[in-house]
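Here are my notebook entries from a session with this model. Keep the viewer open and follow along with me.

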Amino acid sequence: MAQALTPTGLGFHSQIDYAGSVKISSYAVARMMGTWQEGPGPAHQRLSDRLRLLILDGRLSLGAALPSERDLATVLGTSRTTVGAAYRTLVEHGYLATRARARATVRLPQDTPPEPPAGGDPMTIDLSFAAPPAPVEILHAAFAAALERLPHHFERHGYDRYGTAELREAVADWYQRRGLPTAPDHIMITNGAQHALGLLARTLLAPRDKVLIDHPTYPHAIRTFTDAHARLLPVAVGASGWDTAQLQAAGRDAQLAYLIPDFHNPTGMCMSARVRHRLRLACPTIIDETMTELALDGAKPEPFAAHMPTAVSVGSVSKSVWGGLRIGWIRALPSLLQRLEKARPATDLGTPVVEQLATAVLLNRRQTERPDTLRQLRSQRDALRKTLAEHLPDVHAPQPAGGVTLWATFREPISSRLAAIAPDYGVTIAAGPRFGIGGAFERHIRLPYTLPSSQLTEAVRRLTQAQLALSQGATGTHGPAPVA
Ligand SMILES: Cc1ncc(COP(=O)(O)O)c(C=O)c1O
């Protein structure tokens, strides 16, 4: 059953102390810890490793005051000696500061390695980003056509919070072609789908509202909703997909729902037609259709709003064409778009015109549907699954129906530790807990198949070495890589 959680440890179980630092309760820490008891090595080391990863991941924020050793030991069901030893290790390595008669507070060591430069080490294989490279010729041609059209916009000021007429029309036509009647005034253009989510969260949510989310889900959506001080109601996307009854029950308790039914990130699953037809949610619902064009086996699904006319759809060309375009949109009733238009100037005053015109060209030429890219993704997906089966036979990675990622399950809860050590072996990955709340998914990692097959094979070979090192007691110190 769905349960409201406050993933950062703020909220119910935290308070601000007299010195201004946030006190994290032992219950909040325990929730974030997940299954730390399992795994090799002594308990105090597993505990300090896990706390360090939570600090590096930002889930235990700088300056936060941790619970006392005794309180944490009681809630974790372990000895005070174990917690004391873990805290001492963190103090020694610069992750905790202590003062007499005060709680230990989170800090970072002075010599924390700086973030890798943009683009990272060129020898490292980056499996943290799940996005395909740009289709060079198609993009060139679209921008050439956009530049021809651009002078038509020069007489106006160029600030347009709804987007250019050309792109709003092209997006509306894209829905029309897919069988969903849509007028340009149902469309607002945004700077990518992430911007759309931020705008919707700011406009639709009040502090402490509950947001129903898929579990796992897209990490930046989690961040968007928690930054809006919402509480999250996770509903499992399990091996057989979405559960209508659970979604509907959670929807009665939530003020907003956020679902990724088309080639869900990270699992790649597609919500069945049966669930789509039956699902009725009592709360406003955001449907993230960022992955819609990436149907690898079978046809792409109908637009969700065809079944749920009240749904607010969010789309993007980041996965179908290129993330660097930074173009997305919201399809909603004009009354909601008016509210968004009023909220928008707090963060931005519109979307760059040339990129909008180029995207309109791409949509009108049907070039967001790219059979050659789908063919390539299919072959890379199959190569990744094959190489996983050869090198890491204990890892279970079901075949996704679409999208760009495998959701791989290990036997042991090693995900955060593997992500922290993997860069030492020349590969970066996104650990499972980043896709969930409360420390869930410690046995999972997300593996994108957007790189060439030869690189994917090499990445799996490197991960195998990293996993071997972990099993022999090695630990890594790398913080979480940026994800998309
Ligand atoms: C499900 C989902 N929604 C939104 C986004 C953000 O998309 P954009 O690049 O258009 O902001 C992503 C990017 O990875 C995603 O996977």
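**Entry 1: the ligand shell**

Which helix gives the largest share of the shell around the ligand? I looked it up, and helix α7, residues 192-204, supplies three residues, the largest share. Before going on, I noted that this is a predicted model.

I then listed the residues around the ligand. There are 14 of them, and Ala193, Asp288, Ser316, Ser318 and Lys319 come nearest. Sorted by class, the shell holds five nonpolar, six polar and three charged residues.

Next I turned to N and O atoms. The side chain of aspartate 288 has an N or O atom 2.6 Å from a nitrogen atom of the ligand. Arginine 326 places a side-chain N or O atom 2.8 Å from an oxygen atom of the ligand. For asparagine 265, I found a polar side-chain atom 2.8 Å from a ligand oxygen atom. How much of the ligand's surface does the protein bury? Taken alone, the ligand exposes 400 Å², and the protein buries 96% of that.

**Entry 2: asparagine 265 and its neighbours**

I stayed with asparagine 265, as its peptide bond caught my eye. The bond joining asparagine 265 to proline 266 is cis, with omega about 20°. Proline 266 sits in the loop between β9 (256-259) and α10 (273-278).

Threonine 267 is in the loop between β9 and α10 as well. Is threonine 267 buried or exposed? Its relative accessible area is 10%, and the cut-off for buried is under 20%, so threonine 267 counts as buried.

I also checked what the side chain of threonine 267 touches. It makes a polar contact with the side chain of histidine 264, at 2.7 Å. A polar atom of the threonine 267 side chain also lies 3.2 Å from the backbone nitrogen of methionine 269.

**Entry 3: another cis bond**

I wrote down a cis peptide bond between histidine 215 and proline 216 too, where omega is about 10°. I found proline 216 in the loop between β7 (210-215) and α8 (219-227).

Following the chain into helix α8, I stopped at phenylalanine 225. Phenylalanine 225 has 0% relative accessibility, so I marked it as buried. I then picked arginine 202, which is 23 residues away from phenylalanine 225 along the chain. Their C-alpha atoms are separated by 8.7 Å.

**Entry 4: two arginines with positive phi**

Back to arginine 326, which I met beside the ligand. Its phi is near 55°, a positive value in a residue other than glycine. Where is arginine 326 placed? I traced it to the loop between β11 (312-316) and β12 (328-331). Its relative accessibility is 38%, so I noted it as partly exposed.

Arginine 366 has a positive phi too, near 60°. This arginine is in the loop between α12 (353-364) and α13 (371-391). With a relative accessible area of 41%, arginine 366 is partly exposed.

**Entry 5: a pair far along the chain**

I wanted a distance between two loop residues, and I chose leucine 349 and proline 266. Leucine 349 lies in the loop between α11 (334-343) and α12. It is partly exposed, at 41% relative accessible area. Leucine 349 and proline 266 are 83 residues apart along the chain, and 31 Å separates their C-alpha atoms.

**Entry 6: stepping back to the whole protein**

I zoomed out and counted helices and strands: the protein has 15 helices and 15 strands. The domain assignment gives domain 1 (14-106), domain 2 (125-134 + 370-471) and domain 3 (136-364). Domain 2 is written as two stretches of chain. How far apart are the C-alpha centres of domain 1 and domain 3? I get 38 Å.

For the overall dimensions, I fitted a box along the principal axes, and the C-alpha atoms fill roughly 70 × 50 × 45 Å. I also compared the radius of gyration with the value for a compact globule. For 484 residues that value is near 23 Å, and the protein has 23 Å, so the two agree. My last note is on burial: 54% of the 484 residues count as buried.

Key
Residues numbered from 1 in each chain as written. Predicted model: local features only at pLDDT ≥ 70, side-chain atom pairs only at ≥ 80, totals over all residues. Heavy atoms only, no water. Near = heavy atom within 4 Å. Polar contact = N/O pair within 3.5 Å; in protein donor to acceptor, adjacent residues only side chain to side chain. Areas by Shrake-Rupley, 256 points an atom, 1.4 Å probe, with all protein chains shown as cover. Helix = DSSP H or I, 4+ residues; strand = E, 2+ residues; numbered from the N terminus. Nonpolar A, V, L, I, M, F, W, Y, C, P; charged D, E, K, R; others polar. Buried < 20%, exposed > 50% of the residue type's maximum accessible area, 1.4 Å probe, protein only. Domains from an automatic or database assignment. Rg over C-alpha atoms; globule rule 2.2 N^0.38 Å.
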